[in-house]
Amino acid sequence: MLRWYPAAWRARYGDELGAMIEDDLEGKPPTVGFRWSIARSGMGERLRGAGLAGDSVSPSERVRGGAFTVLCAFALFVIPGAGFAKISEHWDQSITRGSRHLPAVSFNLLASLAGACAVAVMLGALAVLPTFLRFMRDGGWPAIRRRVIWAVAATLATAATTVALAVWARHLTDHQRNTGFGWYQLLFVVFVILFASTIATWSAAAISATRHLNLGAGQVKVAGSLAIVVAVSMPVMTAAAAVWWGSMATAAPWFLAGTAPGSSPSPLATNLLVVLMLMTIASAVGLLGLLRVVRSWRLLRSV
Amino acid sequence: MARTAGTKTHRPNDPPILILTSLAGGPKHGHALSKDIQGFAGVVLGPGALYGAITRLEERGLIEPLESDDRRRPYRISAAGSAYLAEAVVNMQCLADEGARRLAMANRVSAPGRAPRIAGYPA
């Protein structure tokens, strides 16, 4: 049960908590509620240790934790974002010029904000790069080696699957690629899982590396500012995607359903629904990070 | 009612207050703390909640661990912890006194046998 707690916490309090659990249980098996209370407390300690909850860490750690939360949320957002990019490919060719205004505005807003977020993440990486290089020169590689190896492995597997998909797709008709469920579609699902794993493992590696860095107040402020930009952009992008869906469902529902132009299929596309749900979840997580950054910002300024 | 900036409202069933109150009676380990708190406050603090509060109290220097050969490490209240608890007790006492004073006033103006009148509500 103590596995829920971070290793450093277990090293300090693990024995005592283990003894208390034994005393409380008096030889009886733990109930589900008992296990849940330990798990909840352990997760709480992990969140506190990462600066994501509580006020026991410094304002700088709290801003950093909030920025990490936003980074994780953005990593999650990239997955439905890529799905949206795929679904909306060539949308402007299936709609009349007169109906194009609203979907064009929403699509361009989403694309612009996605670009701005990507730039913000890169600027954040650049801001901490000198400290990261110093960390690596001082022998920091072993601390992040395992996570980087996982990330590289996921990237190579994704690249290999992408090549396989591209080569295979050349030998298939549009109908074979887009309908039914066969080996090609199964490989596509594997690709999506690997793509998500690549983003997740690189995010974990980035967070692990940054946690080992001794960032200055200026760097933390830059990271916090960029996190605010990304966190605010995600709900706007989600809303833009919803507006695009609504306007396309009104003007060209056949595009969403993949049916013949002029037909009247249901505008409720399952793939878009999943995309919007994931975007909403990522936006909500991002807003939690934003709250953490904003609440600690005033304290950070006084440091 | 808005809380005045810089002040802290203490609640009698907050785990840190319960732990400090228990330790004010002498050093105890986790299980003994839990039993004592259940006895005087009727609050059951599970191991997770108890050790979460102990971690925070130790970080703030309000309690101190004692040396122990056993896995059951006892804790004692520190000087800072005693001062914090004293402030909390005064704070809660003020609140209790104010509540009692207002209840007494309300009972004086209401007719015997009727519930006290609540400001803003029709009688």
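Buried, in this tour, means under 20% relative accessible area, with exposed over 50% and partly exposed in between (1.4 Å probe, protein chains only). The model is predicted, so local features need pLDDT of at least 70 and side-chain atom pairs count only at pLDDT 80 or more, while totals for chains, interfaces and linings use all residues. Residues are numbered from 1 along each chain as written, chains are lettered from A in the order in which they are written, and side-chain values use heavy atoms, with hydrogens and water left out.

**Stop 1: A:Met248**

Select A:Met248 in helix α8 (residues 217-251) of chain A; helices (H or I, at least four residues) and strands (E, at least two) are DSSP runs, numbered from the N terminus. Is this residue buried or exposed? A:Met248 counts as buried because its relative accessible area is 0%. Now show its contacts (heavy atoms within 4.5 Å). Leaving aside neighbours within four places in sequence, you will find A:Trp91, A:Ser94, A:Ile95, A:Pro103, A:Pro253, A:Phe255 and A:Leu256. Add A:Arg100 to the view: its C-alpha atom is 8.8 Å from that of A:Met248, although 148 residues separate the two along the chain.

**Stop 2: aromatic rings**

Stay in helix α8 of chain A and pick A:Trp244, then A:Phe255 in helix α9 (residues 253-257) of chain A. Both of these residues are buried. Rings of Phe, Tyr and Trp (its six-membered ring) pair if their centres lie within 6.5 Å; planes under 30 degrees apart are stacked, over 60 edge-to-face, and the rest tilted. By that rule there are 12 aromatic pairs over all chains.

Next, go to A:Phe191 and A:Phe195. With ring centres 6.1 Å apart and planes at 20 degrees, this pair is stacked. Why are they about one helical turn apart? Because the two lie four residues apart in helix α7 (residues 183-211) of chain A. A:Phe191 is buried at 18% relative accessible area, whereas A:Phe195, at 25%, is partly exposed.

Return to A:Trp244 and A:Phe255 to see an edge-to-face pair, 6.3 Å centre to centre with 85 degrees between the planes. This pair links distant parts of the chain, its members being 11 residues apart. Then widen the selection to A:Phe84, A:Trp91 and A:Phe107, which join A:Trp244 and A:Phe255 in one aromatic cluster.

**Stop 3: where chain A touches chain B**

Show both chains. Here 20 residues of chain A are in contact with 20 residues of chain B. The two chains bury about 1,700 Å² between them, 50% of it on carbon and sulfur atoms; this is the accessible area (1.4 Å probe) that two parts lose on being put together, summed over both.

How many salt bridges are there between chain A and chain B? There are five, each a side-chain nitrogen of Lys or Arg within 4 Å of a carboxyl oxygen of Asp or Glu. Zoom in on one of them, B:Arg56 with A:Glu45, where the closest N and O atoms are 2.6 Å apart.

On the chain A side, colour α1 (7-25) and α2 (32-49), each of which supplies at least two residues of the side that touches chain B. The largest share, 13 residues, comes from α1(A).

**Stop 4: helix α1 of chain B**

Finally, select helix α1 (residues 15-24) of chain B, where the buried residues are B:Ile17, B:Leu18, B:Ile19, B:Leu20, B:Ser22 and B:Leu23. Their cover includes α2 (30-41), α3 (47-59), β1 (63-65), β2 (75-77) and α4 (79-109) of chain B. After α1(B) comes B:Gly26, with a positive phi near 135 degrees.
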